Structure formats: structure tokens, C-alpha cells
Amino acid sequence: MSTHLTGGFDNPPVQSALAFRAVMNALARPGRIETVAGAAAPAPVSPAAAVLLLTLCDAETPIFLAGAHDCAAVRDWLAFHCGTPVVTRRAEAMFALGGWEALAPIGEFSVGAPEYPDRAATLIVEVDELEGAGARLTGPGIAGEARLSLPEVAAFAANHARFPLGFDSFLTCGSRIAGLPRSTRVETD
Amino acid sequence: MTDYNFAYLDEQTKRMIRRAILKGLAVPGYQVPFASREMPMPYGWGTGGVQVSAAILVPEDRFKVIDQGSDDTTNAVSIRKFFEATAGVATTTHTTEATVIQTRHRIPETALTEGQILVYQVPIPEPLRFLEPREAETRKMHALEEYGLMHVKLYEDIARHGHIATAYAYPVLVQGRYVMDPSPIPKFDNPRLESAAIQLFGAGREQRIYALPPHTRVVSLDFEDHPFEASKADHACGLCGAGDTYLDEVITDDRGSRLFACSDTDYCEARRAAGHAGAMAAPYAETQA
């Protein structure tokens, strides 16, 4: 049986509000790992990524599906629950979903314009592990410094270097989520 | 059960506002355009702040609204009632108990903590607007980090008055990049823009949202020989005796008598309840009778 009809929020106004609070806390405090719940999308989409899609995506937000995430089951689920148009060119995407390697070449995603830096892509990066250890993060939202496991450091460091331009990222692993905005300086140590 | 969707706005609108808030947090101090909706209150009454609050409230929140520091003015009472009715959230007047505080033109005296969110109502979000009326130009100035005009304005203050006479909506530089209007808070409040709380700014009529993540570096613009000063009326509060709070001046008769009292009513009441009394205070027990 097709599963694309299931896995949405039971009570969208309240569940998306709770989810957004966690998502906002994650992005406003890089390095902090939040837990979200309430959504289930077909594999390989993690529960946390499914919550992000339901909370932020709709018909106004073209999305790029990378690698294994670009499959009929995920497209059907997105179409039914969010009505989100799927684009095949990275430059046209407001959101992107996939594993780190599949999302490459990262440089093709929109980083906004000098006069409209908000017109930049948001990447939802599915990772196998997510912990408060590894790369050193400093910047807005962080008292002192924070640590976060990243799939790669150089790309995020380069992304920060062109602030205020740049993409913003969420890292998702199971039902856990962390935010990494372009404002965060990323270093190996 | 209420006849409105949770927190009044429809889900599509909330998603649009939430996306704007996230981009605002990612680029601190930058004004993100958003498709501001008509709200059941006039522009100038906090439609921007109300839309931001509607997009972030959760049912478990305890909501506080202040207007120039006071919980009891028409604007504060009506917005508090609005969310009691449409979101069913609990409300409070105590800063320390609130999880979300919507404010018009003040930052509470009590330092905010990590779990709290401060939502500002903003009339004119563009700090350069009175210097350059064209949106296309101010946008270019922000893009090029071309903020000389703002320093000229502050310099002209000094040339004319001997000091920087800007007393409210005092411009700040956020994380060394964007010049931002902190909304018309008194400059006394500027040092508290560096906070452990998330701060969100909503301008409904002007259709802009901007944000300060916790611990963002916020510097009030000044000159080496005219450093920024968080000034206030040179008095103690007449009711609670506090010497370190922002004061309202209240004319009490037609012969020049006046009372200086804390603008933050919750802070003042808490101090009086704890036994502090200013020069013009009635005993606290008497005022509660």
C-alpha cells in the first residue's frame, strides 16, 4: 500500500508551532541539538527532516531532492502533504534535502543577492551522526563557543566567509536536528 | 474551543512568517521582507509584532505584553486579550514568568534569560529612512555597508547640540555588519540588546522582519571623543526608589510638580512588594487595599 497519505501532523497548527519553536531554537543557537516529533515520511527521509518539510515547505518553496531522497515515494509524500514543487536545478531551489555527498556541488545553490541576502537556499542535510562534538562554532547565538559534528568543515567555513551571502543549513539525524546558519564561523580547531 | 485557527493566522501565512524569521536569525540585523497581513487592529498598534508572536507562540507559552514598559495600557491589554482568545495561551505581567514578551518601545529592566523570546513592535524598521527616503537606495547602502550618512547624522547632532541628541531608536551595528534600528526604545535600553534571549522585530506596515540571535554583538554607534551613553532622567523612582531604571515623567498638578516613576511597571511593583519605597510612595499595603 502506498504510504504517501500518512505521516503528516495530526494537529497541524499546534504541532507545527511546537516544531517551529525547536527549529528556531536550533538555528538561533548553533550547536544546540533539538528533538522534534510528529511526522513520518518515506525512507530515506528522517523524522526530523519530515517535520522540517511540514513546518516550512509549501507551494511557494521549490525544493531540490538529492540522491536517494529523489524517489517517487518522497515526491508523492511531498506533493500530498506540502504541495511543494520539486526542481532539478540546484540554483532554483529554496530548500534542498539529501545526504551531504548527494547535495554536492554545494556551490550551485543560491546564496542570495547583496541587496536580498534572504533569497538564499536552506539545506536540510541528512547525517548519520549528530553530536555536540567536533568542529568549533563561534558567532551570533553562541556564548563563547560550541561544538558540532559536521560532514565537512571547509565548505561551511567558505560559506561563512562570504557573509552576509550564503546558504543556511539544518543537520538532521533521526528525530534530532541542529541548525548552522551562514553567520556561524566554523573551524577545525 | 475558539473559532479561529490556533494563534489567529492561517498555516500558510505562519509558514511564510516562520521562513522570514529563520532568514532574519541567519543574517542578524538584516531586514527580511515578508507578506504582512491585515490584522484586526490598525497599523501602528503592533501588527508586525502580533504577526511574529502568532507565528512563534506554542500553547504552553506564558505571554506578556508591554507598552512603554507598562502592562496596563490599552495596546498591551488588547494584544494580551487577543492571544488569550485566539491562542488560548496563559498570560502574565511578571517578566520572570513570561516565555514570550511582546514589547512596544522598551526592554524589561529584569535581564532576560535563555528560555525567553522578546518580540518588538517596529514602526519604521529602516534606520536610514529619514536620511534617504528611497528604498532602492537604502537597500544598496546596506548591501555596500555604506553607513557614512548615519555617522554624519550623529556628527550633526554634536555640531548642533554639543552631544549626540538622539535619545531613542538609537542606531546600532549588529555583529560588525548591519546598521539596525532597535525600534524606538530609549537609548538607555541599548546595552540590553546583547541578551541571552532571542529577539525578533516585526514591522507590519513596512513588511519587514529582523532578528537578533542570543549573544549577538550589538554596538551603539558613537565616536571616540563622544562615546555612547545610556542616559536617563537624573532622579530615583518616586514610587520604588530605584536609581538605575528608566523613568517616566508624570506631571502631577498645574504648578510644576512632577513624579518620576519606573517605566517598567512590573519591575517597580516587584520592588515595592519587596519593601522598597521611593520619596513619593504610599505604603505598599495601602495601595493594594
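What follows is a short chat about a predicted model with chains A and B.

Student: What are we looking at, an experimental structure or a predicted one?
Tutor: This is a predicted model.

Student: How many helices and strands in chain A?
Tutor: Chain A holds five helices and twelve strands.

Student: And what does its radius of gyration say?
Tutor: The value for chain A is 16 Å, and a compact globule of 189 residues would come out near 16 Å, so the two agree. Along the principal axes, the C-alpha atoms of chain A fit a box of roughly 50 × 30 × 30 Å.

Student: How much of chain A is buried?
Tutor: Of its 189 residues, 58% count as buried. The accessible surface of chain A is about 7100 Å², with 53% belonging to carbon and sulfur atoms.

Student: Which part of helix α2 in chain A is buried?
Tutor: The buried residues of α2(A) are A:A48, A:A49, A:A50, A:V51, A:L52, A:L53, A:L54, A:T55 and A:L56. That makes nine of the ten residues in the helix, which spans residues 47-56, so α2 of chain A is largely enclosed by the rest of the structure.

Student: What about contacts between residues far apart in the sequence of chain A?
Tutor: Take the contacts in chain A with a separation of 6 or more: 66% of them join residues 24 or more positions apart.

Student: Switching to chain B. What's in it?
Tutor: Chain B has seven helices and twelve strands. Its radius of gyration is 20 Å, close to the 19 Å that the globule rule gives for 289 residues, so chain B is as compact as a globular protein of that length.

Student: Where do the domains of chain B start and end?
Tutor: The domain assignment gives domain 1 as 11-220 and domain 2 as 232-279. The centres of domain 1 and domain 2 of chain B, taken over C-alpha atoms, are 26 Å apart.

Student: How many residues are in contact between them?
Tutor: In chain B, 14 residues of domain 1 are in contact with nine residues of domain 2.

Student: How much of chain B is buried, and how much surface does it expose?
Tutor: Of the 289 residues of chain B, 54% count as buried. Chain B exposes about 12300 Å², and carbon and sulfur atoms supply 51% of that.

Student: Last topic, charges. How many in each chain?
Tutor: Chain A has 13 positive and 20 negative charges, with mean positions 6 Å apart. Chain B has 29 positive and 39 negative side chains, and the centres of the two sets lie 5 Å apart.

Definitions and conventions. Residues are numbered from 1 along each chain as its sequence is written. Chains are lettered from A and ligands numbered from 1 in the order in which they are written. This is a predicted model: local features need pLDDT of at least 70, side-chain atom pairs count only at pLDDT 80 or more; totals for chains, interfaces and linings use all residues. Side-chain values use heavy atoms; hydrogens and water are left out. Helices (H or I, at least four residues) and strands (E, at least two) are DSSP runs, numbered from the N terminus. The radius of gyration is taken over C-alpha atoms; the globule rule is 2.2 Å times the number of residues to the power 0.38. Buried means under 20% relative accessible area, exposed over 50%, partly exposed in between (1.4 Å probe, protein chains only). Contact means heavy atoms within 4.5 Å. Accessible areas come from the Shrake-Rupley method with a 1.4 Å probe; for residues, only the protein chains shown count as cover. Lys and Arg count as positive and Asp and Glu as negative; His and the chain ends are not counted. The place of a charge is taken as NZ of Lys, CZ of Arg, CG of Asp or CD of Glu. Domain bounds come from an automatic or database domain assignment.
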